[in-house]
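Q: Please take a close look at the sheet in this chain. I would like to know how it is put together and what lies around it.

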Amino acid sequence: MSNSMYNKMWHQTQEALNSLLDKESQHMTEPQRNQVFIFQTLATFYIKYVQIFRNLENIYDQIVHPQKRILIRKILDGVMGRILELKNEMVELELTEFHYFDDILQDLKLAPKTTVKAMPLEEAVKLIQVAERARQGRLRAIFMKQIYLQEYRAKQARILGEQVADAGAAALRIQKVWRGFHQCKKTEREREEEMVFLGMNPPPHFDEVSPTMKQAERVGHLRSETQMKHEERYREALVAIKSDLQLIEGPDIKESLQDQIRHWFIECRNLTGTFPNYPDAEDGGSAVIFSNKTPEQVIDDILTNQDDEEKNKKKKKEKRKTKKEKEKKGTKEKTKEEDEVWKMSPSVFLQSLQEGNNLYKDMWMNKDESWNFLQEYDPELIKQEKRKELESEIRIQVDELMRQELKNLKLAVNKEKELPVKEGRKKGKKKGKKTKKGKRGKKDKDLTADRTIESLYKELVEEGLLIQSLKVNLSDYIGEYSYLGTTLRHMSLEPMPSLLDVRQLITLYGILPLGSAAVHEKAPLVKSLLLAGPSGVGKKMLVHAICTETGANLFNLSAANIAGKYPGKSGLQMMLHVVFKVARQFQPSVVWIEDTEKTFYKKVPNAEKLNEPKRLKKQLPKILKLLQPNDRILIVGTTQRPFDAELQSFCKVYEKIILVPRPDYASRYVLWKQIIQRKGGVLTKALNISCLAKVTDGFTQGHIVEVIKDVLTERRIWQQARKPLTAGEFITAITSMSPVYKEEEDCFKDWYAKTPLGKKQALSLTIGGKEKEKAKGKKKGKKEKKRK
């Protein structure tokens, strides 16, 4: 796809974003009471922002124009932040981390992964016809096979009864066998072709990498090289164009600024009778007065300021009286309204999104780029930016000169002298600042001020606290969506989350904030994350996926890993200081605590007492308080037995708790299919994947991967051509493993119901029941009183 196509795609995406921002501004002001309508609104916005995010991500990857990429990145960060804000709103509204949009996706005619257009009637009819022909074909094949077998048995009986007469009869028999074999092969080939035509089987060489894919890969490499070159040239142009402007336009800018300020001096003197006070450099100098204003507008401001000062004095007295009365009334009214009415909380990202959208409209929407076929930087845009920069730099020099000129004017005309009080005040301010810094310095004492960051990094690697993360992409965490989530919720049944719901949460709470500094600073801050689930569901894999996708460093502070390292209180303090100093310096960073329930044990087992597993229990809450929005550090805990931990302190440390379930039927089906293919297996009719998925209910991803590895040895892969894989081979291998029983899954559910968010959710579902219980309790109390 050419750059012009991606430009067109960008324009369409911006139109979608523009209309969405308009809708957002309408809903921000509208108060609502209906919870279902509120969730539908939030979910619809969320889905549309995700669509825009996917398109912008694709556009950012494909476009090579350096200035466009800067703006697209700004908008992309804003969209990511807004997605996280809407997610936070939905969590607070529904009191659960998992949300189901299947009904909304149906209304919008979308699939969970990608945008899909509505299917035309002819195409739908064709699809049904293909399925029906395939069904009839299968029935016909079974029927023909039965007839063939009957005829074959009759022939065999006849042949056995006859005796071989002569050589001619023998030759005829050989010909029959050969022709039968040849026809059989031909029929098989035709049947395969028919199955491909009907869409029941993939075409030959389907799994092989096509030449177009190879070409696309080559183009991808070429595009990334072009992006790098264009960005380098753009950076070089920023310096070169600025130096050219300084030589050519610098003197003219200086002169015009001086004339403008002198004109201001004279007009002020003529209108007010005195020379004005020159603004301090700290306040912005003359830029404060002349920012986006003509000299005539500045003069008008001087006149209006005089009138406004007198009016303001009168108004202030009246306002003070009315404010107190309004505050008293306002507090009573607000409490009533807030209980009943829901309003969308203010967004941090909508303003930056609006700014990005306006920049697009002003700069790129109707821009003629017929001259820029190669999509290199636009020099005129650089000149506009650099003129502003140059003007602000020259203004600082001009301000120093004009400040002195104003002093000379005051001395010459009015014989005024500047009072030395201001200098004293300024000095006082500076002293105050120093004392504050001094206090901060004591709190954040650097224990390793004499050491280089490289030596600390090396020490952590040697101690095994900073480890190499495995190269695992989030897309390698295979699973399927839950398509019946909303239906089950309407029936008051809470569904177990699907694997792709978990993957989505990891993206929202881990990857997006760590990947973008702008998003991390402004979005709802998630400092810590807990992944709880049985063994083999991929908790560790998800930790490594966060690191791979964001390029984060991985620190391992598991109880088993820190046992015996940095002993004593001072040693522990030093270890945490070094870990978080390096984590801040080389952010983004992930601090992983495996088997994190050991850090919060209710009672430490005798076998583990020597390892001191609870070393970090008191330290972790303190560390969380010190983490700021500009620290891209995420603490991730993984646990197989969360019920062994002391709940209150456990939930204080982990802000977000994600239950990672065993895979459901749909996820198991996809897992078997994809992992067999990845390990070199070939899918044939002999291998019933649906049967495998049904039989392995309760088994985890870890079990499935292990079984496939055991079965698909090099020898077995080599034998596949004459001996295809069957489901029985895998089933015999899995019988030696023990699955995750429903009771274990229920233990996780019961434990989650005791967590803060789980309690809130349970309360919201049983409010009606509690009210009934209270009513019954009152009636019982009255009866007991009567008996007494």
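A: Accessible area here comes from the Shrake-Rupley method with a 1.4 Å probe. On that basis the chain, which is a predicted model, exposes about 50,200 Å². Carbon and sulfur atoms supply 54% of that area. Buried residues make up 36% of the 788 residues. The secondary structure comes to 30 helices and six strands.

The sheet is open, has six strands and shows mixed pairing. Its strand order is S1-S3-S4-S5-S2-S6. At the edges are strand S1 (466-467) and strand S6 (656-659), each of which pairs on one side only. Strands of a sheet pair through backbone hydrogen bonds, in either the parallel or the antiparallel sense.

One pairing to examine is that of strand S4 (residues 589-594) with strand S5 (residues 633-639), which is parallel and runs over six bridges. Within this pairing, Val-590 has Leu-634 in S5 as its bridge partner.

The loops on either side of S4 each hold a backbone detail. Between helix H20 (568-585) and S4 is a loop that contains Pro-588. The peptide bond joining Gln-587 and Pro-588 is cis, with omega at about 5°. The loop between S4 and helix H21 (619-626) contains Glu-612. Glu-612 is not a glycine, yet its phi is positive, at about 50°.

Two helices lie across parts of the sheet. Helix H18 (residues 539-550) lies across strand S2 (528-532), strand S3 (553-556), S4 and S5. The direction of H18 is at about 170° to S4. Helix H28 (residues 742-753) lies across S2 and the edge strand S6, and H28 runs at about 160° to S6. S2 therefore has both helices lying across it, given that contact means heavy atoms within 4.5 Å.

Another positive phi is found in the loop between helix H11 (350-363) and helix H12 (379-414), which holds Gln-375. Phi of Gln-375 is near 55°, and this residue is not a glycine. Gln-375 counts as buried because its relative accessibility is 4%, and the cut-off for buried is under 20%.

As for the chain as a whole, consider contacts between residues at least 6 apart in sequence. Of these contacts, 83% join residues at least 24 apart.

Key:
Residues are numbered from 1 along each chain as its sequence is written. This is a predicted model: local features need pLDDT of at least 70, side-chain atom pairs count only at pLDDT 80 or more; totals for chains, interfaces and linings use all residues. Side-chain values use heavy atoms; hydrogens and water are left out. Two strands pair if DSSP finds at least two bridges between them. Helices (H or I, at least four residues) and strands (E, at least two) are DSSP runs, numbered from the N terminus. Axes are lines fitted to C-alpha atoms, for helices over the stretch in contact, and angles run from 0 to 180 degrees between N-to-C directions. Buried means under 20% relative accessible area, exposed over 50%, partly exposed in between (1.4 Å probe, protein chains only).
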